[in-house]
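I sat down with this model to look up a few side-chain environments and to write down what I found. The entries are kept in the order in which I made them.

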Amino acid sequence: MDLKNLFFRTVGDAVGRSYGIVDNERYIHEGLRWLMHAQDIAGDGGVSAQYSLFHGWDGSYIETTGYILETFFTVAQKYRNAEYKKRAVRMADFLVHVQLSSGAFQSGTPQDLPAVPRVFNTGEDIRGLVTAYEKTGRKQYLKAARKAADWLIAIQEKDGSWIQHEFQHRKHAYHARTAWALLRVWQATKEKTYRQAAEKNLRWVLSKQQKNGWFSECDFTTPKWPFTHAIDYTMSGFFASSRILKNATYWKAGKTCADALLRYYGRHVFMPATFDPDWKSVNTYTCLTGDAQIAYTWLMVFQETHDQKYLKYAVKLLDDIKKTVDVSTEDLNIRGAVAGAFPHYGGYSRWNYPNWATKFFVDACVLLEECQKEQ
């Protein structure tokens, strides 16, 4: 147990401690350094799931390693850094190594036995594998992605949803991101079965959206109070798919949800961790992972619309996160890392620094730089 950090971080949050904001690029490099540290700690090419103030480092999280490698390929190109690319390749090799014989990817870490295949996790890893294929030309990555995609299609429901091998054996709207994964395989292969399966799912998810932008069944565990993390998973799937297919309907679905979140944040200057179907919340804590994702989404909308309000609020929401990130401590287990919640004892990933929170934060900071250059 990390008693020192557990005490000081918890007490600091309780009294409203805030770190000063430094240059945006500093957060990018400190976040990447922390993710590299997490990869080194894992020791198998994957990225440790999280650093817990209670039990230390976990094993490699198979799902999130799949999309963290996308980040590393992006920054490798941005900064012309060969080390970032080498690490991304190691992550891709890890995925190929742990892929199940069915083509699926299991939930959790390789140490979690028996291995339980998961639909969503498989989709997230597919995107990483397709990206690795595109960046390296190595066919083994595309082969693995296709095998995984074929597994998804084989178990897809007639209405386009997934329920077999899915969390809580329930249908989830956040599988819009799984549809995005299938579209990535379609981009690489031009085989229409992948596109057809993706659009089938997107139509099902679209049927779950209310006029106010809300998606039912987009939660992990609590249908009426999904985390912003899951809400953004759903709308990000639509935004990404709309870009690939140039489909205005999918873009509108994502933007209607993004605008509802923007209106709430504009009124309250705070992003609660969960919402109900009327976009109301009683939370006094925030899900920092969801915040980073939403900031990224607003920046995407800004790039398309050039409407300044999206940039304005994305910067503000990112600043909210930056105030919680310690980039000066000598403790490499937490320097540059984003916690699950603020305060640390909030209801999402309590007292943990999950790798996906830092990944999405780095992504948003990188995209912010792109958007500001366009000004």
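The notes below go from one helix residue to the aromatic rings, the charges over rings and a surface patch.

**Entry 1, alanine 197.** I noted at the outset that this is a predicted model. I looked up alanine 197 and found it in helix H8, which covers residues 192-206. Is alanine 197 buried or exposed? Its relative accessible area is 6%, and because the cut-off for buried is under 20%, I entered alanine 197 as buried. Setting aside neighbours within four places in sequence, I listed Ile153, Gln156 and Leu182 as the residues in contact with alanine 197. For isoleucine 153, which is 44 residues away along the chain, I wrote down a C-alpha separation of 6.6 Å from alanine 197.

**Entry 2, aromatic pairs.** I then searched the whole structure for aromatic pairs, and the search returned 22. I took up phenylalanine 215 and phenylalanine 238, whose ring centres are 5.6 Å apart and whose planes meet at 15°, so I recorded the pair as stacked. Phenylalanine 215 is in the loop between H8 and helix H9 (228-245), while phenylalanine 238 is in helix H9 itself, so that the pair links distant parts of the chain, 23 residues apart. I also noted that phenylalanine 215 and phenylalanine 238 are both buried.

My next pair was tyrosine 265 with tyrosine 313, which is edge-to-face, with 6.0 Å from centre to centre and 85° between the planes. This pair, too, links distant parts of the chain, since tyrosine 265 belongs to helix H10 (residues 248-268) and tyrosine 313 to helix H12 (residues 308-322), 48 residues apart. For tyrosine 265 I read a relative accessible area of 0%, and I therefore entered this residue as buried.

Which residues do ring pairs link into a cluster? I found Tyr67, Phe120, Tyr174, Phe220, Tyr233 and Phe360 joined in this way.

**Entry 3, charges over rings.** I looked up two charged side chains that sit over tryptophan rings. The charged end of arginine 127 is placed over the ring of tryptophan 180, at 4.0 Å from the ring centre, and the charged end of lysine 190 is placed over the ring of tryptophan 186, at 4.9 Å from the ring centre.

**Entry 4, surface patch.** Lastly, I recorded a nonpolar surface patch of about 330 Å², made by Met1, Leu3 and Phe54. Methionine 1 lies in the segment before helix H1 (3-14), and because its relative accessibility is 60%, I counted methionine 1 as exposed.

Definitions and conventions: Residues numbered from 1 in each chain as written. Predicted model: local features only at pLDDT ≥ 70, side-chain atom pairs only at ≥ 80, totals over all residues. Heavy atoms only, no water. Helix = DSSP H or I, 4+ residues; strand = E, 2+ residues; numbered from the N terminus. Buried < 20%, exposed > 50% of the residue type's maximum accessible area, 1.4 Å probe, protein only. Contact = heavy atoms within 4.5 Å. Phe/Tyr/Trp six-rings, centres within 6.5 Å; stacked < 30°, edge-to-face > 60°. Lys NZ or Arg CZ within 6 Å of the ring centre and 35° of its normal. Patch = residues over 30% accessible without salt bridge, like charges linked within 9 Å, V, L, I, M, F, W, Y side chains within 5 Å. Areas by Shrake-Rupley, 256 points an atom, 1.4 Å probe, with all protein chains shown as cover. Salt bridge = Lys/Arg side-chain N within 4 Å of Asp/Glu carboxyl O.
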